[in-house]
Amino acid sequence: MLTLNNSQLKQLEEQLKQLRTKLSAQIELAKPAAATVTLDQTKVGRLSRMDAMQQQQMADSNLQQTRQRLQLVIKACNKILTEDYGYCELCDEPIAFARLQVNPEAGLCLKCQSQQEQ
């Protein structure tokens with residue numbers, strides 16, 4: 001069974017910390033754009049209101065996705081503390097270091113992730 005060595009674990013832990021900070025900042029920046037659209041009577045036209053509402057919906061969707069990813073990052077950080085990090089949540093096999101480098105919050109190995117997506 002292949003496991004992460006200390007150097008790899010430290011590298012991934014640092015990646016997760018940086019990602020957590022980045023995602024938290026993105027959430028704070030996105031909150032105003034995702035707020036409910038107030039109708040501005042000084043702006044003329046139904047299209048401008050529709051455009052504003054569509055932009056708000058897109059911003060809200062992006063905000064929700066960012067919050068979900070932040071939750072995964074927090075979960076991964078907690079797994080490091082409990083020494084469960086780097087193992088697939090379904091099959092309990094080690095997750096490849098290369099996969100964790102690309103997606104440090106991954107909770108599933110590539111095989112189980114592929115099966116989940118089908």
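Select Thr-66 to begin; this residue lies in helix α2. The model is a predicted one. Thr-66 has a relative accessible area of 15%, and because the cut-off for buried is under 20%, Thr-66 counts as buried. Now show what surrounds Thr-66: leaving aside neighbours within four places in sequence, the contacts are Leu-23, Gln-26 and Ile-27. Two elements can be coloured at this point: α1, which spans 6-34, and α2, which spans 46-81.

Next, zoom out to the whole chain. There are four helices and zero strands, so a cartoon coloured by element reads α-α-α-α along the sequence. Switch to a surface: the chain exposes about 8,500 Å², with carbon and sulfur atoms supplying 51% of that area. Of the 118 residues, 27% count as buried. If you draw contacts between residues at least 6 apart in sequence, 57% of them join residues at least 24 apart.

Hide the surface and turn to the largest nonpolar core. In soluble globular proteins, nonpolar side chains tend to be buried together. Here the largest such core holds 20 residues. Select Leu-16, Val-73, Tyr-85, Cys-88 and Leu-100, the members that touch the most other members. Three helices, α1, α2 and α3 (97-102), each supply at least two residues of this core. Which helix gives the most to this core? The answer is α2, with six residues.

Keep Leu-100 selected and display its contacts. Not counting residues up to four places away in sequence, Leu-100 touches Leu-4, Leu-12, Tyr-85, Gly-86, Ile-95 and Ala-106. Tyr-85 in that list is also one of the core members that touch the most others. Leave Leu-4 and Tyr-85 on screen for the next stop.

Turn on pockets. The largest has about 280 Å³ of space. Its lining has 17 residues, and those closest to the centre are Thr-3, Leu-4, Leu-9, Tyr-85 and Tyr-87. Leu-4 and Tyr-85, just seen as contacts of Leu-100, are thus found again among these central lining residues. Helices α1 and α2 each supply at least two residues of the lining. The largest share comes from α1, with three residues. Coloured by class, the lining shows 10 nonpolar, four polar and three charged residues.

Move on to the second largest pocket, with a volume of about 200 Å³. Select Leu-72, Glu-105, Ala-106, Gly-107 and Leu-108, which lie nearest its centre among 16 lining residues. Ala-106 has already appeared as a contact of Leu-100. Which helix gives the most to the lining of this second largest pocket? It is α2, with four residues. By class, the lining of the second largest pocket divides into seven nonpolar, four polar and five charged residues.

For the last stop, select Leu-110, in helix α4 (residues 110-117). Is Leu-110 buried or exposed? With a relative accessible area of 56%, Leu-110 is exposed, because the cut-off for that class is over 50%. Then pick Arg-99 and set up a distance between the two C-alpha atoms: Leu-110 and Arg-99 are 11 residues apart along the chain, and these atoms are separated by 7.7 Å.

Definitions and conventions: Residues are numbered from 1 along each chain as its sequence is written. This is a predicted model: local features need pLDDT of at least 70, side-chain atom pairs count only at pLDDT 80 or more; totals for chains, interfaces and linings use all residues. Side-chain values use heavy atoms; hydrogens and water are left out. A nonpolar core is a set of buried Ala, Val, Leu, Ile, Met, Phe, Trp, Tyr and Cys residues joined through side-chain atoms within 4.5 Å. Buried means under 20% relative accessible area, exposed over 50%, partly exposed in between (1.4 Å probe, protein chains only). Contact means heavy atoms within 4.5 Å. On a 1 Å grid over the protein atoms alone, a cavity is a set of points where a 1.4 Å probe fits but cannot get out, and a pocket is an open set with protein on both sides within 12 Å along at least five of seven lines; lining residues have an atom within 4 Å of a point. Grid points are joined across faces, edges and corners, and a volume is the space filled by probe spheres set on the points. Ala, Val, Leu, Ile, Met, Phe, Trp, Tyr, Cys and Pro count as nonpolar, Asp, Glu, Lys and Arg as charged, and the others, Gly among them, as polar. Accessible areas come from the Shrake-Rupley method with a 1.4 Å probe; for residues, only the protein chains shown count as cover.
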